[in-house]
Each structure stands twice: as structure tokens, then as C-alpha cells.
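Please open the structure in your viewer and keep the sequence panel beside it. The stops below say what to select and what is to be found there.

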Amino acid sequence: MDSKKLSDIRKEQKAAEDIFNALQKEAKKFSKKDLPEELKNKIDEAKEQIDNIKKQLCSKAFVFGALQPTGNIEALNEQYYLGFLYKKELLKFEVAQRQRYAEIETKYGGEELAKLRESKKQIDEKIKEVKDRIAEYKKKHSSKTASAELRAEMKPLKKEREEASEKISAFKKTIDSAAYKVAKSEHRQWIKEEYKRIRTEFGQSGKGLGWGTQAVIAEAVQDTRKGRKAPSTFVDRTREVVAAQIQTDKVTRMSMTLDEAFSCTDNRFRIKRLPDSAFEKGASRKSRHTVAQIKIGSQKNPKTGRRTHVPIMVEVPICMHRKLPQDSMIKWVKLFREKDANKWMWRLSLSVEYPRPIEDADISSILGVDLGWRQVEGGWRIAHWALRKSDTIVESGELIVPDRIINKLTHADKVKSVIDENRDNLKEWISAWYKKQDKRKIPDIVRDELKNVHTWLSHNKFIVFIRVVSGNAFPNSDQLLDVLVKWKHRYKHLLAIWKGDKRRAISARNTIYRQFAHMLRKKANILGLEGMSLVAFKESPQPDSAKEESKTAKRQLQYSAPGTLRKYLEEKFDYVVRVNPADTSQLCPDCRDRLDYGDDRAFGYCKSCQKMWDRDLVGSSNISLKALEKIESVGIVEACKKPKKEDKKESE
Ligand SMILES: [Zn+2]
């Protein structure tokens, strides 16, 4: 069945937002305390209305492989560099801001506040200690939940922490000094002005950083301020956003529909439309090649030096391997690049919003997928699935990554360890060589580096060091240079092998994952998954498993990449219900009694039903059941809502 049209939903959304804004304006006439009850209720209602409308939409990010952009490359590089400076500036400001605030607190809060903070810090440390033990327990017993004792230990601590936070905020309220209030308000004002200054300095009237890119960076910095994890495109220097455009979080602002992008008339973003035949089954990959254009800034008027409305666009060849939902709105366009060995790989990411096809949900069949690593004959088992039709499991199976792919990955890792070994040997050689040299004859700049060589881990440092040595010759420096250059050639060679092998193996593995998601999607359109953090990705016990070392566990996680599999599944299914993972492998799917796994741990026995259960089937079957129950109790739309980030943390 068809769903509502996007334009209709947007109209509804706009009307609801207008009402909300009008009410907000009305509320501004009152102080917070004197706000009439009636008005307050109206505002809450309007908020809920907006939320309800938003539920009709869902958003998804599509990432397309790209080639290096063409045209205006210098401008693009400049943008990238400006973005880098902007990020640095914002972080500097962030640090200064925190320091200033701490100073104000110390000045007016005095010893009392310091004491309160110290006691909260101690509680935090205790909590961390228990958390570590919980993690250890989970790993040891391959359980998704902590033991009752540990939970009992954690509970009062959490309460204590809450109380400590309350005490701090209560104490802050008692600081009844006018000067404190003035200082705080001055601080807020300073933040506002400083932020504005930096924004203007880098903006279109200043250095000319494209505002989309500017917004992405500012958002990432704010995320770090709020204690959220910054996106990987922000921290990881091997994966960087180079340019971004369009932000349509608010309906009234800057919206762009997919059709508008395809019409190639807007100056912000354009994409050449592909014929429908390109997405038919069996169509070649090449037929899905197209180009996108993204605005990275505005041209300057050569006479006045001012920015004009003439855009600077870069063209990006992309492969649109998937069809975008027809009736959708573009929220974000991000052009980023990832470092792969010595090459930059380009990607264009489009996040779009489209009407949720609500009528499509078919509750009569629900899939449950249990992610869990286990070695089996011929490969690694990554997931187990079960298809439920009302009360019974009608079909089930598993996903296995074959040995040949695992072996390829292992081989790639061996190459990596050779790379590291070579670096360590190089370090040793340099240290020994340095001891024999006449230190007075070595230029300061080289000597300072030589002193620290033994602490270097990054290969890049040695490559930079080559430049330092070759630029500052001294007696015997050609000996050193000779060894360094030989090492560099070998390093580059091995690096290409390592990255290449790894990329090929990962791409083969991901193909298997995609096919798996595709196969499942044909069986049902509702999927139950565990709403757990991937760090807790459990290792199911192997029948003859010895103690697993953490290094091996890490490698398993890396090789099997459950996060990637999750992503593919979430992309493929319109309805993903995330369920609480607690006890999914411990309870009998029929009667919910606790299963007795005994020593075998592969089969569990239910005393009530007098039945043996395959451990794998128990997990996926229970997950599908939990998903079904969740849908029945809160409805499909609510059940598919992603948990908020805070909730995720608490679900341990
Ligand atoms: Zn039972």
C-alpha cells in the first residue's frame, strides 16, 4: 500500500510548528514561574503533535562510492584546510571556556564546592571499578547481563552519584551572591560573542568556509561538549568531511527534495538523474555511474573582494548502487574521504527523509536475529536467525563467514605485524647507532628527535624524520638516511599489500553480509535485533574453548564486524525492533523457565517442558518473540523507534 505523500506530511509539520512557535511567543510574555497552566498544557500538546508527525517520517543515509572530484580542486583543498583551522579554533575556545567556568566556580563556590566535587569524583571511580568487573563477568560467563550480586552492588552507587550531583546543584543554588550571578551571566555573554566572532571570522564574509561544512564541524564540537561521542569523521584523521551542504532539520528552512536535486537547477546540490532501467535487476554497475555537484563556497568579486552569489561547485563522479526513495527530502549532503593505504577514497553521503511506509508492516511473520560469534566447521558463525509465524518458529538458520575470508584477514594482519616489527627493528638500530655518534656534531633539531625515537609508534613520524635528517646534514648522517630510506621503501610496499588484502577480504565478507540481509528481507519485513552496544558483542563459548585472550577477542570483533552486519540489516528492513537483550539466551522460548545449560553449554534443558534447546535457536527465537510482544504492546511505529543515546548506556 502507498504511504502518505511527503509534501502532505511537510505541510502538516509546518502547520504544527507554526502553532508551536506562536504559543512560544505567547509564553515569552510571562516569566517562567508565572506561566499559566493552560498555556503550558497547550505547548506540551503542540510539542507532542510535532513529534507525532515526525514519526511518519524516517531517515536514512546513503553512502555512494565516488572518484576524486573534478574542477575547483584548489578551492576544495582550501575548504578542507579552512575546516581544519576552524575545528582547531573551536576546540581552543572550548578549552578556554571550560577553564573560565571552572575559575568562576572555584572563586564563588570555595572549598565547599571543591569538596562536593571531590566526593562525586570518588563515587565515579567506584562506579567505573564495578563496571569493569561487570564487563569481565559478562565476558567470562558469556552472559549479556551482570550477576545479581554485581547489579546489587551497582544500584546504590548509582543512587549515590545521583545524590552527589543533586547536592552540587543544590549547593550552587545557595551561592547567593550577586557577584556570582553577574559572573555567570558575563560568562554566558562571553561565550556567545566569542562563538559569533569565530563563526564570522571563518564564514562567507570572512575566510570563506562554506557554511554547510562549518555547520558539520560546529555540530561535532558541540557533541563533544555534551559528552556525546564525536562522529568518527571528526576525530579520526583518516576519515574526514571535506565539504557539506544543505541542512533541512527545520521544514521551513533550506529544504530540498530529491526531485529538485535531480532537476539540476539549485545551486547547492545537483545530481544527474539515472534512468529507471539502471536499477533493474541485472543492470550493469556501470549504468549506475552518474555525477553529483556540490557547492563548496561562493566566488569573490575581483573588484570589491566581497563574496557574490556565484557558487563554486565541485563535480563528483559517483556510483549510485542503490535507488534513493522517490518521494524524499535531502537533509544532508556530505563529501568525505577516507585514507586507504596511500590513497584517498572518496564517498558521497546523502541523508534523506521519506514517509514511513506504515501500512506495509506485516506482523504475521517476524524475524529474530541473534548476533554472536562462534567458531564452527568451515568458518565463523556470526549470526543465527529464526522466522516466527505467531507462536511457532517455522524456519531458522545461521550466517557463516567461511575460513577463506578469515584466512585472508589473518594473512593481512601478519603483514601488519611484519610492518610493526620492521619499525621496531629500525628503532633499535637508530638507538644503537646514536650511542656511537659524536653528539656535539649533530644539529639540535635532529638530536632532539633522536632522543625520542624509542617512544615513536607512528610510522609517519619516521617518514617526517627522513625529511629532517636530509635537510640537516651532519657527519655520518648519510648512514642514517640510507637505513631510513630503505625502511621507507619496504614500509610503503608492505603497507599497500596489507591494506589491499584487507580491503579485498572485507569487501568479500561484506558481500556475504549484504546477501544475508537480502535473503532475510525476502522472508519478512519486520526484524527483531538486540538493542545492545556492540562492545558487548558476546563470544559464545566454544565447546573446547580455552581462556580467550583479549587480543583474540578484539580480532574476532574486527574480523566479524557485527556493527557492519547490523547496519546492513537496519538498511534493508523498514521495521527494525530493538529488544532488550537481557536473558534472551537463558529462557525457554516456550514456557520462559530458566534453561539449564550444564557443562555442554551448546544445549539447554527446560525442566518444565522436558525439552532440549539448541542454544543458538533459543537466542534468535526469544528475540523474535520479544519483538512481537513489543509491537503488540506499543504499536509498530513506537516499537521501531531507535533508543536514545542515554538509554543505551543505562541498559547494561
Ligand atoms: Zn519450557
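## The whole chain

Of the 652 residues in the chain, 41% are buried, and this holds for a predicted model rather than an experimental one. With a cartoon display switched on, the secondary structure comes to 17 helices and 14 strands. If you switch to a surface, the chain exposes about 37,200 Å², of which carbon and sulfur atoms supply 51%. Among contacts between residues at least 6 apart in sequence, 69% join residues at least 24 apart.

## The zinc site

Select the zinc ion next, together with its protein donors, which are the SG atoms of Cys588, Cys591, Cys606 and Cys609, lying 2.1 to 2.3 Å from the ion. Cysteine 588 sits in the loop between β12 (575–579) and β13 (603–606), whereas cysteine 609 sits in the loop between β13 and β14 (611–614), so that this pair, 21 residues apart, links distant parts of the chain. In the sequence panel the donors follow the spacing C-x2-C-x14-C-x2-C. The angles that the four donor atoms subtend around the zinc ion run from 100 to 120 degrees, and the arrangement is therefore tetrahedral. For comparison, the ideal angle for four tetrahedral donors is 109.5 degrees.

Which of these cysteines is buried, and which is partly exposed? Cysteine 588 counts as buried because its relative accessibility is 0%, while cysteine 609, with a relative accessible area of 30%, is partly exposed.

## Strands β13 and β14

Stay in this part of the chain and select lysine 611 and aspartate 590, whose side chains meet in a salt bridge with an N to O distance of 3.8 Å. Lysine 611 lies in strand β14 and aspartate 590 in the loop between β12 and β13, so the salt bridge ties together parts that are 21 residues apart in sequence. Lysine 611 itself is partly exposed, at 36% relative accessible area.

Then select Phe603, Tyr605 and Met612, which make a nonpolar surface patch of about 300 Å². Tyrosine 605 belongs to strand β13 and is partly exposed, with a relative accessible area of 32%.

## Salt bridges elsewhere

The structure holds 38 salt bridges, and two further pairs are selected here. In helix α5 (residues 178–202), glutamate 194 and arginine 197 lie three residues apart, about one turn of the helix, and they form a salt bridge in which the closest N and O atoms are 2.8 Å apart. Glutamate 194 counts as buried at 19% relative accessibility, the limit being 20%, whereas arginine 197 counts as partly exposed at 37%. Extend the selection to Glu89, Lys92, Glu201 and Lys207, which are linked with Glu194 and Arg197 in a network of salt bridges.

The other pair is arginine 347 and glutamate 338, whose side chains meet in a salt bridge at 3.0 Å, N to O. Arginine 347 is partly exposed, with a relative accessible area of 24%, and glutamate 338 counts as partly exposed at 22%.

## A buried isoleucine in helix α4

For the last stop, select isoleucine 168 in helix α4 (residues 148–174), a residue that is buried, with a relative accessible area of 6%. What does isoleucine 168 touch, not counting residues up to four places away in sequence? The residues to show are Leu113, Leu116, Arg117 and Lys120. You can also draw a distance from the C-alpha atom of isoleucine 168 to that of glycine 109, 59 residues apart along the chain, where the separation is 9.9 Å.

Terms used: Residues are numbered from 1 along each chain as its sequence is written. This is a predicted model: local features need pLDDT of at least 70, side-chain atom pairs count only at pLDDT 80 or more; totals for chains, interfaces and linings use all residues. Side-chain values use heavy atoms; hydrogens and water are left out. Donors are N, O and S atoms within 2.8 Å of the metal (3.2 Å for Na, K and Ca); water is not among the atoms, so sites may look incomplete. Four donors count as tetrahedral if all angles lie between 85 and 135 degrees; four count as square planar and six as octahedral if opposite donors are over 155 degrees apart and all others between 65 and 115; anything else is irregular. Helices (H or I, at least four residues) and strands (E, at least two) are DSSP runs, numbered from the N terminus. Buried means under 20% relative accessible area, exposed over 50%, partly exposed in between (1.4 Å probe, protein chains only). Contact means heavy atoms within 4.5 Å. Patches are made of residues with over 30% relative accessible area and no salt bridge: like charges are joined within 9 Å, nonpolar side chains (Val, Leu, Ile, Met, Phe, Trp, Tyr) within 5 Å. Accessible areas come from the Shrake-Rupley method with a 1.4 Å probe; for residues, only the protein chains shown count as cover. A salt bridge is a side-chain nitrogen of Lys or Arg within 4 Å of a carboxyl oxygen of Asp or Glu.
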